Amino acid sequence: MKLFIIVLIFLFCAPISIQAQWVWQQTSGPEGGDVTCILTVNNDWFVGSHQGNIFYSDNNGVSWKSLNLGLNVIADVHVLCKKDSNLLFAGTYGNGIFRSTDNGKKWMPVNIGLTNDSVLCLAVSGSRLLAGTYGGGIFVSQNDGNSWTRSNNGLSNNSINTFLKSKNVLFAATDGGIFRSNDNGLNWLLTGFENIQVTTLAIKDSLLFAGNFLGIYCSDNNGQSWKEIKQTDKLVNAIAAVGDNLLIGTLRGGIFCSKDNGTTWVETNKGLASHIIYAILNQGNQILVATSNGLYRFADGNEWQLINGIANAYISSLIYFKNKLYAGAQNKGLFYSSDAGTNWSAPLDSSFQKYITCLIPNKNHLLIGTLKGLFQISNNSISWYPVQSHFKNIRINTATSDDKYIYFGTNHGVILYDKTTSKDSLLNRGLDDKMILTLTADSQYIYAVTGEGEIFISADKGKRWKKTPKENLNSTTISVLLSTGKILFSGTDHGVFVSYNKGNSWKKSGLEDKYVYTMYQYKNYVIAGTVGSGIFVSSDNGETWSSQNTGLTNLTITSLASDNSVLFVGTEGHGVFSTVLNK
């Protein structure tokens, strides 16, 4: 009995640091991230994206859902392939090959014998599954991916860009020419373009087509000889035959169409927001195109239409301001939601200023830091106003604020922005024109991290800066600083460190095997967002941390924001997620 009482006393007196599990829900966007590959099987559509993302639609693209269970990887999905009736394969650049036996609901890695994990293409030839890699050549599996063996006999180049099956011949386009195999990939023979990169292949009727950085080529004898039919200064990423038409997709040049097998060409880009084309697929009565701005279709009419519902944007910054949630999407511009992420709108055409690095409020305006200067947007009038003076065409990396000023970190020191007068001044005394990667401020001090991993402190609103000793903080990769007033947190590539003396000395706070990219204070919680490991939360100032990843389908966290009861996280390639916390 005494022992039982002692245990109870200990339980009630000990500090409780374990958090109730937070459950995350993906919002509806933002949309418009890269779609890298397309696979359609009857009415089932699958698209791959960056950061290990696969999306699925069973209603011709009307609605989409994520299929990432078991696919929590940072690598890009380069190719999707169907084998037999129940096997799906996904080739990634950096994490090898994944297989699903339930139409994409769950994935598992199948990489035994695959000594190169940068997979660019997959193909089925007879009972064999072939994988083309970057630098490792071709691998073959005869047991549905359970094991792989190298099959490079006859290859003189080991970077394989795509496969094509024509009649009984299998072709492989490489960085050193086109090779053919008459025995399902056991042996290979060069059949053109020796020592020249070929990026894509296609077949139309009895003609073969090949594309690269020089143009389009055609063969009328099953690859034995080739002739040039179009020169181009854009890399050709995709070729597709659509009825009587031949379409090519280029890198930064968009799409071109020929109705006479390549004799004449017409640019066909109306409606496309991006001219970076990854793949083209003929799907019944419509054409699907994978671009760096999402998935498009060409059906009725004469222009491309964006297919909505694929929430795969890379979120570089988040802020909740004036009852709106704003999200800066990498290379896509600024989005906002007035209903906590249920619906998203792009407030303006910000194509000229796509990369947003930071968002910070100033009275009734939202200031937007970009790679080409500082801009502001009014909550009542959605339009851009470039902020001039020191900010004109300068790269803004980060921002923080106190009660009077906003501080912007640039490649050439810190710029102070007066909240009252909107005047700015360059603050470099002691910083020596250094690149500033991250900033944080409390009521007394401002802290800055340089590109060399140094930490500087200012006690006079940024007029003078002093380098801190940084004792025991041996990591030079400091991604973020967070000051709670009494404690200074540092997120690094080796976890979290804390300082109780203004950054002069540090001690480990945990997550040593994690790359902490962003940090945020929400009420009594300190939240750490990591690269590839999701969210970790501490309610005891970093003494202990708990994982809070239920519902997250992307574990690379890039940004955090909140209103009174909802916490939002931005991810690298899966848009924004939210969780409702107790008020």
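**Exercise 1.** Does Lys434 count as buried or exposed, by its relative accessibility?

*Solution.* The model is predicted.
Step 1. Take the relative accessibility of Lys434, which is 19%.
Step 2. Compare this with the cut-off: buried means under 20% relative accessible area.
Step 3. Lys434 therefore counts as buried.

**Exercise 2.** Find the salt-bridge partner of Lys434 and place both residues in the chain.

*Solution.*
Step 1. The partner is Glu454, and the closest N and O atoms lie 3.3 Å apart.
Step 2. This pair links distant parts of the chain, 20 residues apart. Lys434 sits in the loop between strand S40 (424–427) and strand S41 (436–441), while Glu454 sits in the loop between strand S42 (446–450) and S43.
Step 3. Glu454 has 15% relative accessibility and so counts as buried.

**Exercise 3.** Which lysine besides Lys434 forms a salt bridge with Glu454?

*Solution.*
Step 1. The side chain of Lys467 meets that of Glu454 at 3.1 Å, N to O.
Step 2. Here too distant parts of the chain are linked: Lys467 belongs to strand S44 (residues 466–467), and the two residues are 13 apart in sequence.
Step 3. Lys467 has a relative accessible area of 48%, so it is partly exposed.

**Exercise 4.** Describe the surroundings of Phe456.

*Solution.*
Step 1. Phe456 lies in strand S43 (residues 455–458).
Step 2. Its relative accessible area is 3%, so Phe456 is buried.
Step 3. Leaving out residues up to four places away in sequence, Phe456 touches a set of residues that includes Lys434, Trp465 and Lys467. Lys434 and Lys467 are the salt-bridge partners of Glu454.
Step 4. For Glu471, 15 residues from Phe456 in sequence, the C-alpha to C-alpha distance to Phe456 is 13 Å.

**Exercise 5.** State how Ile196 and Thr200 are placed and whether each is buried or partly exposed.

*Solution.*
Step 1. Ile196 is in the loop between strand S17 (189–190) and strand S18 (200–204), and Thr200 is in strand S18.
Step 2. Ile196, at 31% relative accessibility, counts as partly exposed. Thr200, at 6%, counts as buried.
Step 3. Ile196 joins Phe213 and Leu214 in a nonpolar surface patch of about 230 Å².
Step 4. Beyond its neighbours within four places in sequence, Thr200 contacts several residues, among them Thr162, Phe209 and Ile239.

**Exercise 6.** How many salt bridges does the structure hold?

*Solution.*
Step 1. The structure holds 11.
Step 2. One of these joins Lys106 to Asp102, with 2.7 Å between the closest N and O atoms.
Step 3. Lys106 counts as partly exposed, at 47% relative accessibility.

Conventions:
Residues are numbered from 1 along each chain as its sequence is written. This is a predicted model: local features need pLDDT of at least 70, side-chain atom pairs count only at pLDDT 80 or more; totals for chains, interfaces and linings use all residues. Side-chain values use heavy atoms; hydrogens and water are left out. Patches are made of residues with over 30% relative accessible area and no salt bridge: like charges are joined within 9 Å, nonpolar side chains (Val, Leu, Ile, Met, Phe, Trp, Tyr) within 5 Å. Accessible areas come from the Shrake-Rupley method with a 1.4 Å probe; for residues, only the protein chains shown count as cover. A salt bridge is a side-chain nitrogen of Lys or Arg within 4 Å of a carboxyl oxygen of Asp or Glu. Helices (H or I, at least four residues) and strands (E, at least two) are DSSP runs, numbered from the N terminus. Buried means under 20% relative accessible area, exposed over 50%, partly exposed in between (1.4 Å probe, protein chains only). Contact means heavy atoms within 4.5 Å.
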